[in-house]
Amino acid sequence: MTRPTMSAPTTELVQVRLVKAGRTKIGYPARLLSDDGTHVTVRADWAGEGVRDFGFVRFEPGDVFTEHYWRDRWYAIKEVRSGDGTLKGWYCDITRPAVRDVGGDIVSVDLDLDLWVSADGTQVIRLDEDEFAQSGLAGQDPAAAEAATRALDELELLARSGKFTALLR
């Protein structure tokens with residue numbers, strides 16, 4: 001069995017669109033690093049306005065995100081580095097499998113669950129489980145809700161066992 005080869009890094013810019021509750025929550029340009037047909041990797045500057053302080057990490061102007069999207073997995077992983085290159089950690093969005101639309105945009109549908117993994121691996125924090133419960137996904141699409149909770153559990157287990165970064169290769 002042959003594995004797909006990684007495409008060479010390009011200077012191609014793509015648009016990333018994060019969709020939540022049927023609406024584009026945010027869209028931003030990113031540099032396409034690779035796309036092997038299943039795993040897409042892009043790099044983008046912090047696209048939020050100002051500073052977002054979660055208490056356990058701050059996202060701020062100058063931060064750089066290397067984002068990993070999969071067409072066959074129910075999550076996206078964003079490696080977060082400060083402007084000087086210091087690793088802050090990984091923010092994991094539980095999502096439907098990503099798609100690249102006909103225009104080449106990467107579309108990621110957020111399912112409200114998130115996981116934070118600190119750079120040193122000592123903090124593994126499940127986030128927004130209350131939002132997920134309130135979203136009604138379990139009643140509207142039980143299969144998607146089950147896939148989402150399995151994905152969160154899988155990422156947490158990998159993070160706690162020290163095997164998390166192997167996903168990003």
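**Notebook: aromatic pairs and two single residues**

I began with the rings, and found that ring pairs link W46, F54, F56, F59, F65, Y91 and W116 into a cluster. I note at the outset that I am working on a predicted model, and that I count rings as paired if their centres lie within 6.5 Å. By this rule I arrive at 12 aromatic pairs.

*Entry on W90 and F164.* I looked up this pair and recorded 5.6 Å from centre to centre with 65° between the planes, an edge-to-face arrangement. I then asked where the two residues sit: W90 is in strand β8, which covers residues 87-95, while F164 belongs to the segment after α3 (142-160), so the pair ties together parts that are 74 residues apart in sequence. I checked the accessibility of each partner as well. W90 has 7% relative accessibility and therefore counts as buried, since the cut-off for that class is under 20%. F164, with a relative accessible area of 4%, is buried.

*Entry on Y91 and W116.* Here I found ring centres 6.5 Å apart and planes at 50°, so I logged the pair as tilted. Y91 lies in strand β8 and W116 in strand β10 (residues 106-118), so this pair ties together parts that are 25 residues apart in sequence. Both names also appear in the cluster with which I began. For Y91 I noted a relative accessible area of 10%, which makes the residue buried, and for W116 I noted 1%, which again means buried.

*Entry on V117.* I next turned to V117, which has its place in strand β10. At 3% relative accessibility, V117 is counted as buried. Which residues is V117 in contact with, leaving aside its neighbours within four places in sequence? I listed G89, W90, Q123, A159 and F164, and I remarked that W90 and F164 are the partners of the edge-to-face pair above. I also took a distance along the chain: V117 and I106 are 11 residues apart, and their C-alpha atoms are separated by 23 Å.

*Entry on G50.* I placed G50 in the loop between β3 (39-45) and β4 (52-53). Is G50 buried, partly exposed or exposed? Its relative accessible area is 37%, so I entered G50 as partly exposed. Not counting residues up to four places away in sequence, G50 touches F59, E60 and P61, and F59 is one of the residues in the ring cluster. From G50 to V64 I count 14 residues in sequence and read 14 Å in space, C-alpha to C-alpha.

*Entry on the whole chain.* I closed with the overall figures. The protein chain has three helices and 11 strands, and from the N terminus on, its elements run β-β-β-β-β-β-β-β-β-β-β-α-α-α. A compact globule of 169 residues would have a radius of gyration near 15 Å, and the 16 Å of the protein chain agrees with this. Along the principal axes, the C-alpha atoms fill a box of roughly 40 × 35 × 35 Å. I put the buried share of the 169 residues at 43%. Of the contacts between residues at least 6 apart in sequence, 46% join residues at least 24 apart. The accessible surface comes to about 9000 Å², and carbon and sulfur atoms account for 51% of this area. Finally, I compared the mean positions of the 21 positive and 28 negative charges, and found them 3 Å apart.

Definitions and conventions. Residues are numbered from 1 along each chain as its sequence is written. This is a predicted model: local features need pLDDT of at least 70, side-chain atom pairs count only at pLDDT 80 or more; totals for chains, interfaces and linings use all residues. Side-chain values use heavy atoms; hydrogens and water are left out. Helices (H or I, at least four residues) and strands (E, at least two) are DSSP runs, numbered from the N terminus. The radius of gyration is taken over C-alpha atoms; the globule rule is 2.2 Å times the number of residues to the power 0.38. Buried means under 20% relative accessible area, exposed over 50%, partly exposed in between (1.4 Å probe, protein chains only). Contact means heavy atoms within 4.5 Å. Accessible areas come from the Shrake-Rupley method with a 1.4 Å probe; for residues, only the protein chains shown count as cover. Lys and Arg count as positive and Asp and Glu as negative; His and the chain ends are not counted. The place of a charge is taken as NZ of Lys, CZ of Arg, CG of Asp or CD of Glu. Rings of Phe, Tyr and Trp (its six-membered ring) pair if their centres lie within 6.5 Å; planes under 30 degrees apart count as stacked, over 60 as edge-to-face and the rest as tilted.
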